[in-house]
2 protein chains.
Amino acid sequence: MSTKPVLHTVLSPRLLDIYDISNSIVVVIDVFRATSTIATALYNGATRVIPVDTVDKCIQIGKNTGGITAGERDGKIIPGLAHGNSPAEYPREFIEGKTLVLTTTNGTKLLHMALQNGAAEVVTGSFPNLSALCSHLIAQKKNVILGCSAWKDKFNLEDTLFAGAVIERVKAHFTIHCDSSLMAENMYQLHKNDLKGFIRNTTHWHRLAQYGLEKDLEYCVTPDLANILPFYKNGDLIVKNLVE
Amino acid sequence: MSTKPVLHTVLSPRLLDIYDISNSIVVVIDVFRATSTIATALYNGATRVIPVDTVDKCIQIGKNTGGITAGERDGKIIPGLAHGNSPAEYPREFIEGKTLVLTTTNGTKLLHMALQNGAAEVVTGSFPNLSALCSHLIAQKKNVILGCSAWKDKFNLEDTLFAGAVIERVKAHFTIHCDSSLMAENMYQLHKNDLKGFIRNTTHWHRLAQYGLEKDLEYCVTPDLANILPFYKNGDLIVKNLVE
């Protein structure tokens with residue numbers, strides 16, 4: 001009899017160091033909108049996405065690599081950068097063959113924390129790449145941390161719902177004794193038949209919808225529209241070949 | 001038109017300092033079992049409960065006050081203390097007119113953090129004193145932080161369910177734009193008709209039920225069996241007279 005690997009859900013970057021992640025795949029989840037945009041850019045042929053935590057680094061690395069610089073604060077493109085955080089800005093005809101240098105607050109912070117805490121592997125998750133992520137987690141047979149990026153360390157619902165969606169699909173392959181995971185799965189099951197309606201109740205919806213981003217947010221809760229696996233390697237997020 | 005006060009739910013002590021609590025009533029919630037035991041001891045006539053964070057302090061304050069020392073780790077009474085954390089240990093015939101000096105890990109930690117962060121008022125909440133707490137919160141017309149003590153900073157379901165029970169009862173009187181509160185209310189509504197069944201799925205149940213504490217845990221999710229309001233004043237938790 002083989003022992004199943006263990007899966008935990010972490011609801012805020014502030015709680016990450018409670019867990020031993022050194023033998024785990026850490027899934028960075030930032031549904032609105034960093035990890036949805038990363039999946040979309042790579043699905044549409046971006047060579048790589050370089051996640052950076054500050055605007056200065058974004059500009060510098062953009063210069064060094066010839067990459068497209070992107071980032072928003074409060075729904076507006078940051079002065080000095082060329083593009084924003086919307087997945088709709090990265091269709092194939094624009095992004096194919098290019099490097100995207102993306103600065104975000106919550107998702108990038110968690111990603112760097114996962115690396116600093118010695119994660120065995122870092123990938124990113126979002127509804128647009130739900131199935132590719134789940135296939136990978138099942139195939140790897142390693143411990144998993146579903147890491148919600150949250151909003152300035154505050155719990156958020158959209159990342160939690162995505163964790164629940166993953167758990168519903170992979171739970172037969174893992175040992176899960178974790179109140180966060182049980183809650184996430186409950187919340188997903190409660191709302192999965194009307195995610196586009198339910199997200200209108202979240203604080204993040206209210207924050208972004210005032211900037212006219214409703215279509216963006218609906219895209220970000222639709223499964224498998226950009227179904228690849230972003231995988232962190234040497235500073236870049238690249239597409240993981242799932243048959244490797 | 002009067003503005004309603006604001007209510008937030010905080011899912012772990014680690015997240016408390018994200019919030020400005022200086023004008024808020026902080027409700028310390030530690031359903032299994034500190035705040036359930038505090039309500040029960042006071043309901044049964046204890047003069048006061050002194051919450052302390054270490055065993056040494058518990059013993060010292062017990063000596064100084066002539067109080068009953070109590071505390072558990074891993075479901076067993078701590079050596080050097082006289083009693084445990086179970087509400088069943090504090091019937092009226094035993095506790096009436098006495099001081100209880102109680103050391104717990106999660107609940108006491110959050111209570112002291114709330115004081116250090118300048119909470120306007122600290123009270124404790126548990127299912128046994130649900131109605132008394134809700135009446136007080138509605139009457140005070142102040143901002144409220146529902147503070148879940150969690151388990152060694154990890155999210156737990158029982159404290160979250162209690163926060164949801166409070167929100168269901170008081171929400172008409174507050175402005176609530178908080179994903180944690182929306183989640184807590186959803187989870188409570190999903191499970192309120194079978195709380196005693198559902199808590200068997202929580203990690204805390206598995207931790208404590210091996211010590212034969214099932215009856216204790218069922219008591220701790222039953223509303224209004226010890227319906228008073230524990231109120232923090234000068235180091236003591238005492239009964240708040242609700243008509244003050």
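Author: Two residues are in contact if their C-beta atoms, placed from the backbone, lie within 7 Å. The model is predicted: local features need pLDDT of at least 70, side-chain atom pairs count only at pLDDT 80 or more, and totals for chains, interfaces and linings use all residues. Residues are numbered from 1 along each chain as its sequence is written, and chains are lettered from A and ligands numbered from 1 in the order in which they are written.

Reader: How many residues does each chain give to the contact?

Author: Chain A gives 24 residues and chain B gives 24 residues. On the side of chain B that touches chain A, the elements giving two or more residues are helices H6 (157-170), H7 (179-191) and H9 (203-209) of chain B. Helices (H or I, at least four residues) and strands (E, at least two) are DSSP runs, numbered from the N terminus. H7(B) supplies the largest share of that side, 7 residues.

Reader: How do the residues on the side of chain B that touches chain A divide?

Author: Ala, Val, Leu, Ile, Met, Phe, Trp, Tyr, Cys and Pro count as nonpolar, Asp, Glu, Lys and Arg as charged, and the others, Gly among them, as polar. That side has 10 nonpolar, 10 polar and 4 charged residues.

Reader: Which way do the residues of strand S1 of chain A point?

Author: In a regular strand, side chains alternate between the two faces of the sheet. In S1 (residues 7-10), A:Leu7 and A:Thr9 point one way, A:His8 and A:Val10 the other way, and all are buried (20 or more other C-beta atoms within 10 Å of the residue's own; exposed is 12 or fewer, partly exposed in between; C-beta atoms are placed from the backbone).

Reader: In which sense do S1(A) and S8(A) pair, parallel or antiparallel?

Author: Strands pair if DSSP finds at least two bridges between them. S1(A) and S8 (residues 143-148) of chain A pair in the parallel sense over 4 bridges, and A:Val10 stands opposite A:Gly147 in S8(A).

Reader: At roughly what angle do the axes of H6(A) and H7(A) cross?

Author: Axes are lines fitted to C-alpha atoms, for helices over the stretch in contact, and angles run from 0 to 180 degrees between N-to-C directions. Angles under 35 degrees count as roughly parallel, over 145 as roughly antiparallel, 65 to 115 as roughly perpendicular and the rest as oblique. The axes of H6(A) and H7(A) come within 7 Å and cross at roughly 95 degrees, so H6(A) is roughly perpendicular to H7(A). Their contact has 7 nonpolar, 5 polar and 2 charged residues.
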